[in-house]
Amino acid sequence: MDLLRFQGIERQEEAAVPCVIVIGGGISGLAAARTLTDASFKVILLESRERLGGRIHTDFSFGCPVDMGASWLHGVCNENPLAPLISSLGLKLYRTSGDNSVLYDHDLESYTLFDMDGRKVPQEIVVEVGDVFKRILKETEKVRDEHKKDMSVLKAISIVLERNPELRQEGLAYEVMQWYICRMEAWFAADTDMISLKCWDQEQVLLGGHGLMVQGYDPIIKELAKDIDVRLNHRVSKISRGCDKVVVKVENGLSFIADAAIVTVPLGVLKANLIQFEPKLPEWKVAAISDIGVGNENKIALLFDRVFWPNVELLGIVARTSYSCGYFLNLHKATGHPILVYMAAGRFADDLEKFSDEYAVKFVMSQLKKMFPDATEPVQYLVSHWGTDPNSLGCYSYDPVGMAGDVYDKLREPLDNLFFGGEAVTEEHQGSVHGAYSSGVLAARNCENHLLERLGDFRKLQLISFSGDALLEPIFPLQISRM
Ligand SMILES: Cc1cc2nc3c(=O)[nH]c(=O)nc-3n(C[C@H](O)[C@H](O)[C@H](O)COP(=O)(O)OP(=O)(O)OC[C@H]3O[C@@H](n4cnc5c(N)ncnc54)[C@H](O)[C@@H]3O)c2cc1C
């Protein structure tokens with residue numbers, strides 16, 4: 001196939017330096033583009049939206065930063081691959097939990113929970129049930145060891161409760177238990193009947209607990225994007241490989257040709273076959289795309305004219321099912337602005353997207369008014385739609401029941417000069433900003449090595465590599481606070 005006959009191709013094949021097309025301008029694509037640009041490659045980044053950042057989206061319409069996508073740094077430590085960037089930009093973190101587990105990105109003492117009638121749940125019950133929940137999860141390890149075949153976390157919990165009646169909860173304590181399940185579902189962005197028992201706790205969580213990015217994630221996106229040749233509103237529709245070149249076709253009719261390409265679009269986009277591959281992706285890659293799960297989480301941010309809620313980090317509402325439980329992040333505590341952010345995950349997040357924004361806000365306000373009957377109406381609101389937005393089609397990946405162990409490797413595996421990045425290709429830190437960042441850097445390094453091998457020694461010498469290793473050393477300590 002003569003790749004140069006494509007209409008509207010921007011000819012770059014004669015350029016002195018190798019060129020790479022990065023597809024997707026989230027943190028993974030930007031990390032890849034940054035790494036290759038710093039290594040003196042020619043890079044073009046194609047992004048479908050009219051903005052960069054992808055599932056990082058800091059909105060400023062309230063007059064202050066509000067993250068409608070990622071907002072926490074999971075693993076507030078210098079080993080976090082983002083630590084050097086965060087430190088060098090002087091960004092502040094507000095630590096919501098020192099606990100490294102995936103279940104407690106908020107310390108227990110920072111919650112205030114209410115029941116559906118607006119009564120405050122005594123803190124002893126919150127703490128006691130939290131301990132019982134931990135014991136139940138510990139017991140599920142035995143169930144896992146006994147069963148060769150995978151099952152859902154929910155099924156394992158029900159087996160544990162059958163065997164250990166003393167762990168069963170009644171009345172208000174039962175509702176608090178549902179709230180813990182709701183929080184677990186929020187971490188995975190999927191309901192517990194979908195989450196794999198074999199895999200749910202296999203993630204390598206970094207040390208240092210969980211910290212909110214007080215100024216939002218936006219400064220990191222801006223920093224990574226500096227001097228990168230970014231083409232916004234360029235939705236890629238087809239990727240063709242052949243003759244040591246990759247041709248990338250965009251919906252607007254333009255095509256781009258390069259020595260290699262890095263795909264960092266969300267897994268949801270790959271699952272929906274919104275990009276055509278030529279030749280077709282091999283069966284094993286298609287299977288990996290289909291096997292890894294994509295969850296959903298949505299945020300409804302509410303700006304008020306004054307604070308009418310207590311000075312805690314998380315306001316929760318307990319109920320008979322985890323689906324009906326809910327919670328608000330109190331941004332006032334971390335940022336000083338009168339903002340509450342309601343967070344919904346799993347099926348509930350999908351269902352919220354079926355309604356208009358006005359209805360969703362009305363529903364959330366009805367929850368808030370159960371806790372605070374005198375709650376005032378918000379002066380402004382923001383509603384996310386990560387599940388139906390064609391640029392994301394979900395919030396992040398999770399391990400569904402029965403998933404094979406090597407699917408992440410397969411998703412990451414390059415196809416000649418086509419490389420794969422994005423949060424979903426990293427088994428260790430899937431679903432996180434730092435995982436997505438590392439996956440972009442890794443895809444870029446693999447791409448760089450591949451191209452250098454192909455180019456031979458003479459061209460190698462022409463490339464001056466500033467491959468970013470210097471950036472990996474934290475220059476300043478992380479600025480962490482808890483007000
Ligand atoms: C609500 C929510 C809360 C979260 N909370 C946290 C958190 O607190 N902490 C944390 O660590 N992580 C969190 N995450 C996860 C984190 O945001 C993601 O793991 C990470 O941002 C993904 O980065 P990425 O570059 O892999 O993908 P993305 O950011 O999705 O980037 C992919 C890019 O590809 C673009 N694209 C899509 N289709 C095309 C196409 N056809 N052509 C060209 N471009 C295309 C998209 O527009 C997007 O910009 C959260 C995510 C969500 C949605």
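**Entry 1. The parallel sheet.** I began with strand β2 (residues 19–23) and strand β3 (residues 42–46), which pair in the parallel sense over 5 bridges. The model I am reading is a predicted one. For a register point I took Ile23, whose bridge partner in β3 is Leu46.

I then looked for the rest of the sheet. I found an open sheet of 5 strands with parallel pairing, in the order β10-β3-β2-β14-β23. β10 (229–231) and β23 (418–420) stand at the edges with a single partner strand each, so one side of each has no neighbour in the sheet. From one strand to the next the twist averages 20°.

**Entry 2. Strand β14.** I checked both sides of this strand. β2 and β14 run parallel and are joined by 4 bridges; here Val20 has Ala260 as its bridge partner in β14. On the other side, 3 bridges join β14 to β23, again in parallel, and Ala261 stands opposite Leu418 in β23.

Next I asked which way the side chains go. In a regular strand they alternate between the two faces of the sheet. In β14 (residues 260–263), Ala260 and Ile262 point one way, Ala261 and Val263 point the other way, and all are buried.

**Entry 3. The ligand shell.** I listed what lies around the ligand and got 40 residues, the closest being Gly24, Gly26, Ser28, Gly54 and Ala70. By class, I recorded 17 nonpolar, 16 polar and 7 charged residues in this shell. Four elements, α1 (27–38), β6 (72–74), β17 (297–303) and α13 (433–455), each supply at least two residues of the shell. α1 gives the most, with 3 residues.

**Entry 4. Helix α5 and what follows.** I compared the length of helix α5 (residues 171–188) with expectation. At 1.5 Å a residue, its 18 residues should span 26 Å, and the end C-alpha atoms are 26 Å apart, which agrees. I also counted burial: 14 of the 18 residues of α5 are buried, so the helix is largely enclosed by the rest of the structure.

Ala189 follows α5 and lies in the loop between α5 and β9. I noted its phi, near 60°, as a positive value in a residue other than glycine. Ala189 has 27 C-beta neighbours inside 10 Å, and because the cut-off is 20 or more, Ala189 counts as buried.

**Entry 5. Strands β7 and β9.** From that loop I went on to β9 (residues 210–213), which pairs with β7 in the antiparallel sense over 4 bridges. Tyr94 stands opposite Leu212 in β9. In β7 (residues 92–97), 5 of the 6 residues are buried, so this strand is largely enclosed by the rest of the structure.

**Entry 6. Backbone exceptions.** Most residues other than glycine have a negative phi, and most peptide bonds are trans. I looked for departures and had Ala189 already, with its positive phi. Leu393 is another residue other than glycine with a positive phi, near 50°. I located Leu393 in the loop between β21 (380–383) and β22 (397–398). Leu393 is buried, with 20 other C-beta atoms within 10 Å.

For the peptide bonds, I recorded a cis bond joining Glu278 and Pro279, with omega about -5°. Pro279 is in the loop between β15 (276–278) and α8 (283–291).

**Entry 7. Whole chain.** I closed with the totals. The chain has 14 helices and 24 strands. Of its 483 residues, 47% count as buried. Among contacts with a separation of 6 or more, residues 24 or more positions apart account for 75%.

Key:
Residues are numbered from 1 along each chain as its sequence is written. This is a predicted model: local features need pLDDT of at least 70, side-chain atom pairs count only at pLDDT 80 or more; totals for chains, interfaces and linings use all residues. The expected span of a helix is 1.5 Å times one less than its number of residues. A residue is buried if 20 or more other C-beta atoms lie within 10 Å of its own, exposed if 12 or fewer, and partly exposed in between; C-beta atoms are placed from the backbone. Two residues are in contact if their C-beta atoms, placed from the backbone, lie within 7 Å. Two strands pair if DSSP finds at least two bridges between them. A residue is near a molecule or strand if its C-beta atom, placed from the backbone, lies within 6 Å of it. Ala, Val, Leu, Ile, Met, Phe, Trp, Tyr, Cys and Pro count as nonpolar, Asp, Glu, Lys and Arg as charged, and the others, Gly among them, as polar. Axes are lines fitted to C-alpha atoms, for helices over the stretch in contact, and angles run from 0 to 180 degrees between N-to-C directions.
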